[in-house]
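Biologist: Could you walk me through a few side chains in this protein? I'm new to this, so please explain the terms as we go.

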Amino acid sequence: MKFTLSWLKEHLETSATLAEIEHAMTMAGLEIEGIEDPAADLSAFTVAHVKEAVPHPDADRLRVCTVDTADGEKTIVCGAPNARAGMTAIYAPLGTYIPGADFSLDAKPRKIRGVESHGMLCSSAELGSGEDSDGIIDLQGEWKVGTPAARALGMDDPVIDFEVTPNRPDWLGVDGIARDLAAAGMGHVITKMAKPVDGKFDCPVKIELDWPEACPVFAGRLIRGVKNGPSPAWLQKRLKAIGLRPINALADITNLVSYDRCRPLHVYDAAKLNGAIRARKGQGEADRFEALDGKFYVPTDEMCVIADDANCLGFGGVMGGEESGVSETTTDVFLECAWFDPALTRATGRATGIESDAKHRFERGVDTHSVRPGIEWATRLILDLCGGEPSHVVVSGEEPAPPNAIEFDTRQVKRLTGLDLEVTEIVRILDTLGFTAAGSGHALTVEVPTWRRDCTQPADLVEEIARIHGFDNIVPVSLPRLPGRREPTATVGQNRARFVRRALALRGYREAVTWSFCETKEAAAFGGHGEGLALENPISSELDVMRPSALIHLLKAIQANADKGLEDPRLFEVGPVWLDDTPRGQKTVAAGIRFVEAGRHWTGTREADLFDAKADALAALDAAGAPVDSLQAAPEARSWWHPGRSGVLRLGPKNVLAEFGELHPGMLKALGIDGRVIGFEVVLDAIPQPKKQALKARPPLQRSELMPVRRDFAFLMDDSVAAQDVIRAAKGADKALVTDVQVFDLYRGKGVPEGKVSMAFEVTLQPTDKTLTDKEIEAVAASIVASVEKATGGTLRG
């Protein structure tokens, strides 16, 4: 929402500066996005008087001007054809930045064909005040030398742009902003009320409401004999300042009222209407029409349209049609002022993709009792600017009932906010905001204004009082310390996520935060069936379903980073995924991806493979507290992983804790990913809950002062035997002494039968109370050999 400072002062009597108004708006919750102050941008430019303009001695198209400026008399070489003695122009001193031309003058005088020029005389295009670039500005009227150019050009009116929250449609009118600023102590509201315009004849256009749920009240009047054309300069200037393009007087008036009073209206060319005007449901192809945006639409029976006996005239509260629109030849107009249901308006805008000022206001909730004042205000403006003769106002339907009154105990203000305010101050704030408070003592009955239907309970009033009084005036007070022992506030899941983030960051990954939504076809590719997970109101067509995997957006993000030149991008994310719409269907996962190709390094290069992905997944699982020593690896990854280059880590036959490996080439191609990618996805919720310990303190550190003993073993076994089975068997031979088993060699080839493999591993024995004797070591070695042979069917190699 944009408005100018002078526009605000038509509704607010104030002596506050722009900075004070900016601060008051921010403190009252009106979040300012930016302030455009042309006067500040043009502060270096001033009014100057051209005393003499003679031809340049060495250039036919140049003139040497003697100019009386704020810096004294200056010689300026000018190429404008209209430069002449006696004119009043705009002067830019040396070193000034010229905004319209995007360059800066030299800080020192510059010779132009042998004549030094000490500044510049500017055109309107060079200052951004117009489009004329052929000649310099020729100011009319008496202007004193040195007057700021912004004042002389009428460009000293700052434009304030702020964000309107969805629950405050009244801020979409300048009068509503003035009301809040007055309550905040910035002045007094002086908004002019709409005075009824006496009708001269009965309105010949009949209004009917066939769908009162969508349009409960509809007012209209005919104005005949209008003269439509360009709107006056003040109106065009006001609309241009807030980014609107002036069209014609009638259209500009409706835009003005929409921004001034948050009251959208529409005008029809009465000569193009056929019979009665009615608000009804759309009728499909029979109602196909061309809207004012030049596009054709087919209204469904879930959309409210305005139609006459012959045609559909437009979407109610969204956009009118081209066929019945006004032009400069229009002489008789029908003025519409109605109220449309916010939910239906929003649904129509969503379905059609139309974004309009009217839709933006109606979907948030226009004042339900602004129909009659709105039509009177617009009528008066039309008569003043376009002339004409108005009919009586005709109204069909009834305005929605006012909001329910709120029973309010003023002591709730202190209880909820800590602000100790007098009842009189509470009543003042409420009254200034448009509420009507009555009662005695602390018990008030507060009537809610029709433009504030978001206020339904006492807490809403407390929020309004605290907002206007100032949240910055609330004194911060620490909460009292609760008696007894305080338990940790972080849950097991939160701690796991934190530990996993640290572990992956230490492995060279960067954390990403991506959308929890994705496109339906992407979800299907990653196993998401979409039933119950499709969004009813998606933020875009490409984010219309909950994601079944965190890998989807990580893959897109890693490609985007690679496209921008980031070498070896590694990304991870800890967040939710959705497998179905049940409570158990939401899981928390930790996923990470990286490209296979390795970057250059002085130690050499090696392509990353599935074992790197497995190591990353194990690091994440270990950090999360999973029993990594008990995990089993199996080649059972799902379809989006590369067959033969991927696997799962599971605890038991069914509990899969992680998938890892290389992504399927077909999947990468479908997502537009260049190159090979490895990754992993760990389901943190699948990790068993830690056992509750009797003591909160950590157990004592178990260390041995004795040297470990290491022995190597090599077995000949079937090629199908998994290394983890061998490791598990070796560790199980003596759980007290065997502390580690590491495979260090796999051999296939000469001397090894086909279908067999030679696997060598190192076993670490760690004594704790005494040094092991040779006999004890041999006994443990025999147990290891027996255990491995029994578990794998292999034989010890000599």
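Biologist: Let's start with Trp640: is it buried or exposed?

Modeller: One thing up front: this is a predicted model, where local features need pLDDT of at least 70 and side-chain atom pairs count only at pLDDT 80 or more, while totals for chains, interfaces and linings use all residues. Residues are numbered from 1 along each chain as its sequence is written, and side-chain values use heavy atoms, with hydrogens and water left out. Buried means under 20% relative accessible area, exposed over 50%, and partly exposed in between (1.4 Å probe, protein chains only). Trp640 has 3% relative accessibility, so Trp640 is buried.

Biologist: And Phe526, what is its relative accessible area?

Modeller: Phe526 is another buried residue. Its relative accessible area is 2%.

Biologist: What kind of aromatic pair do Phe526 and Trp640 form?

Modeller: A ring pair is described by the distance of the centres and the angle of the planes. Rings of Phe, Tyr and Trp (its six-membered ring) pair if their centres lie within 6.5 Å; planes under 30 degrees apart are stacked, over 60 edge-to-face, and the rest tilted. For Phe526 and Trp640, the centres are 5.5 Å apart and the planes make 40°, which means the pair is tilted.

Biologist: How many aromatic pairs are there by this rule?

Modeller: Counting with that same ring rule, you get twelve.

Biologist: What about Phe340 and Phe362, how do those rings meet?

Modeller: Phe340 is buried at 2% relative accessibility, and Phe362 is buried with a relative accessible area of 2%. Their ring centres are 5.2 Å apart and their planes sit at 90°, so the pair is edge-to-face.

Biologist: Next, Ser370: where is it?

Modeller: Helices (H or I, at least four residues) and strands (E, at least two) are DSSP runs, numbered from the N terminus. Ser370 is in the loop between helix H10 (357–362) and helix H11 (371–386).

Biologist: Which side chain makes a polar contact of 2.9 Å with the side chain of Ser370?

Modeller: A polar contact is a pair of N or O atoms within 3.5 Å; within protein, one must be able to donate a hydrogen and the other to accept it, and residues adjacent in sequence count only if both atoms are side-chain atoms. The Ser370 side chain also reaches the backbone oxygen of Asp367 at 2.8 Å. The side-chain partner at 2.9 Å is Arg263.
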